[in-house]
Each structure stands twice: as structure tokens, then as C-alpha cells.
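Here is a colleague's note for someone who is coming to this structure without earlier acquaintance. The points are numbered so that each can be checked against the view.

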Amino acid sequence: MQLIWNEIRKALPMIWHGNPTLLHIIGYTLQVAFVATAAATVIGLPIGLAIGLGRFRGRNVLRVLANVSLAIPPVLVGVFLFVLFLPQAPLGSLHLIWTKRVVFIAQTILALPFVVALTSAAVQGLPPGLLSQARLLGAGRGQLGMLALREARIGVIASVIAALGTSLSEVAAVTILGGNIYGYDQTLASATLYEVNGAFFADAVAIAIVLLGLILILMCGLGLLQHQSGGIRMRFRSAA
């Protein structure tokens, strides 16, 4: 315990005085997290809606695949993308290996299954009569999709929370694809691993404290939004 306390005492001044390297890592981590989550949401919401509302052949297979993708280890995604982007590979001409751009791509791909699977599950959990009634009243696909998103917004927000969480904390794919290069493309999670491997435990503790703080702040904010959405929905139903 004395060792842990000593490292924490060394780490706190780094946070308090705003270590330049730490500030750079924080900024890059937030940039990656928000861009990856936004991209995964824009791509994943229509897919999740299609699976949740669709009546096409193969819908159940897509739903199973979406759920299975949640359990795929990030390291496998990192290895697959690494092989795909190697210079001699089909996408090697893009020169993405060990760049910041590939980190954005990897984090988006890792966040996407959460948006797709949780959105489709939230839509499928809606009362069946609600969507049937909307169809009978002549609602088009766009109107039906907006209705489903509005009524399933608690589950949709949960999917965004999950996507943001994995974007903040994932380390394996970032390390494999970006190289975890010091001061260049490190996120808070990958920088923690870097400092631990180098036996710079005070630096690792400082980065870990900041990462935990960011996760708490962002997740509490989204959780509050989710709670308020649920309260509005309940009051609306009660008034109706």
C-alpha cells in the first residue's frame, strides 16, 4: 500500500500542474472518442433501425451477427485491420499503418457493433401495437424510423454510451495499428500501457486517474441525459 500511495503522490502534481504530454494525450483521446462515437452513431443507427424494423429475409441472421460482434476481442480487429492495411495488402496503398487516421478507423469499427446491436434491441423491445398502428395510419419509412428512435431513445442513448465507453478505454487495436508512439498517437488507455511497460508507474497512475475521471464525467452526463429522457417519456405517457 505504501508503494501505491507514493506513486499517487507523485502522479497528482503532474495532473495539477498540467503536464504538456498529458494534456496532448487527453486532447487526442477526446478527439478520437468523439469522432469515433459520432461516426459509429451515424453509420450504426440506420443499420440498427433496419434490423429492428425490417421485414426482410436474413433479418434474424443480421441480428445474431450484430450480437456476436459485441464479443469479438478488439485485438482480433486490430490484427485483421493490420493485415488489411499492410503495404502489400489490398489497402496498403492508403498508407494508414502507424498513423492517427487508422486509430480513428479502428475505434469507429469497434464502437459500431454497440450502436447497431443495442439500437436494434431497443427498437425490437417497443410495443408491437405502436409501430403497427403507425403503419396503418400511413407512416412512411422515415416517419416510422423517427417514431421508433423517439420511443426507444433510452436504449439508443445506452448504445451511444457503450460506444463512447469502448472508444475511451480500448487499447489493443490502437497499439497494434497506431504503434502506440510516444507523444504522437497515444490515447489515455494506450499511454497507460506504455508507461507501465517502461516502469514509469507515477506517469501511468496519473494517466489512469485522468482516464477514470473522464469516463466518470462523460458517462454521468450521458446517464443523466438518459434518465431525463426516461422521465419525459413517463410524464408524457401519464398525461396521455
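**Notes on the model**

1. Trp 98 sits in the loop between H4 and H5, and in this predicted model the residue has a positive phi of about 60° although it is not a glycine. With a relative accessibility of 49%, Trp 98 counts as partly exposed, because that class covers values from 20% up to the 50% above which a residue is called exposed.

2. His 95 is found in the loop between H4 and H5 as well, and it too has a positive phi, of about 55°, without being a glycine. Its relative accessibility is 61%, so His 95 counts as exposed. A reader who wishes to look at the backbone of this loop may begin with His 95 and Trp 98.

3. For the overall picture, the protein has 11 helices and zero strands, so that the pattern read along the sequence is α-α-α-α-α-α-α-α-α-α-α. The C-alpha atoms fill a box of roughly 65 × 50 × 25 Å, taken along the principal axes. Of the 240 residues in the protein, 41% are buried.

4. Helix H2, which runs over residues 20–53, has 34 residues, and the distance from its first C-alpha to its last is 49 Å, close to the 50 Å expected at 1.5 Å a residue. Where in H2 does a kink lie? The kink, of about 35°, is at Gly 44, shortly before the proline Pro 46. At the start of the helix, a side-chain oxygen of Asn 19 reaches to within 3.0 Å of the backbone nitrogen of Thr 21.

5. Helix H4 covers residues 74–85, and Val 79 has its place there. Together with Ile 72, Val 75, Leu 76 and Val 83, Val 79 makes a nonpolar surface patch of about 400 Å². Val 79 has a relative accessibility of 40% and therefore counts as partly exposed; this value also suits a patch member, because patches are made of residues with over 30% relative accessible area.

6. Leu 84 is also placed in helix H4, and at 24% relative accessibility it counts as partly exposed. Leu 84 and Ile 97 are separated by 13 residues in sequence, while their C-alpha atoms are 9.7 Å apart in space.

7. Helix H8 spans residues 153–169, and its 17 residues should span 24 Å at 1.5 Å a residue; the C-alpha atoms at its ends are 24 Å apart, which agrees. Is this helix mostly covered or mostly uncovered? It is mostly covered, since 12 of its 17 residues are buried, and among them are Arg 153, Val 156, Ile 157, Val 160, Ala 163 and Leu 168.

8. Ile 154 lies in helix H8 too, but it is partly exposed, with a relative accessible area of 30%. From Ile 154 to Leu 212 there are 58 residues in sequence, and the two C-alpha atoms are 24 Å apart in space.

9. Ser 167, another residue of helix H8, deserves a careful look for its polar surroundings. At 1% relative accessibility Ser 167 counts as buried, because the limit for that class is under 20%. A polar atom of the Ser 167 side chain lies 2.9 Å from the backbone oxygen of Ala 163, while the backbone oxygen of Ser 167 lies 2.9 Å from a polar atom of the side chain of Gln 107. Gln 107 has its place in helix H5, residues 100–124, and is buried, with a relative accessible area of 1%. The contact between Ser 167 and Gln 107 thus involves a residue of H8 and a residue of H5.

10. How many salt bridges does the structure hold? It holds one, in which the side chains of Glu 151 and Arg 150 meet at 3.7 Å, N to O. This distance qualifies because the cut-off for such a pair is within 4 Å. Glu 151 has a relative accessible area of 10% and is therefore buried.

Methods
Residues numbered from 1 in each chain as written. Predicted model: local features only at pLDDT ≥ 70, side-chain atom pairs only at ≥ 80, totals over all residues. Heavy atoms only, no water. Patch = residues over 30% accessible without salt bridge, like charges linked within 9 Å, V, L, I, M, F, W, Y side chains within 5 Å. Areas by Shrake-Rupley, 256 points an atom, 1.4 Å probe, with all protein chains shown as cover. Helix = DSSP H or I, 4+ residues; strand = E, 2+ residues; numbered from the N terminus. Buried < 20%, exposed > 50% of the residue type's maximum accessible area, 1.4 Å probe, protein only. Expected span 1.5 Å × (residues − 1). Bend = angle between axes of the 7 residues up to and from the residue. Polar contact = N/O pair within 3.5 Å; in protein donor to acceptor, adjacent residues only side chain to side chain.
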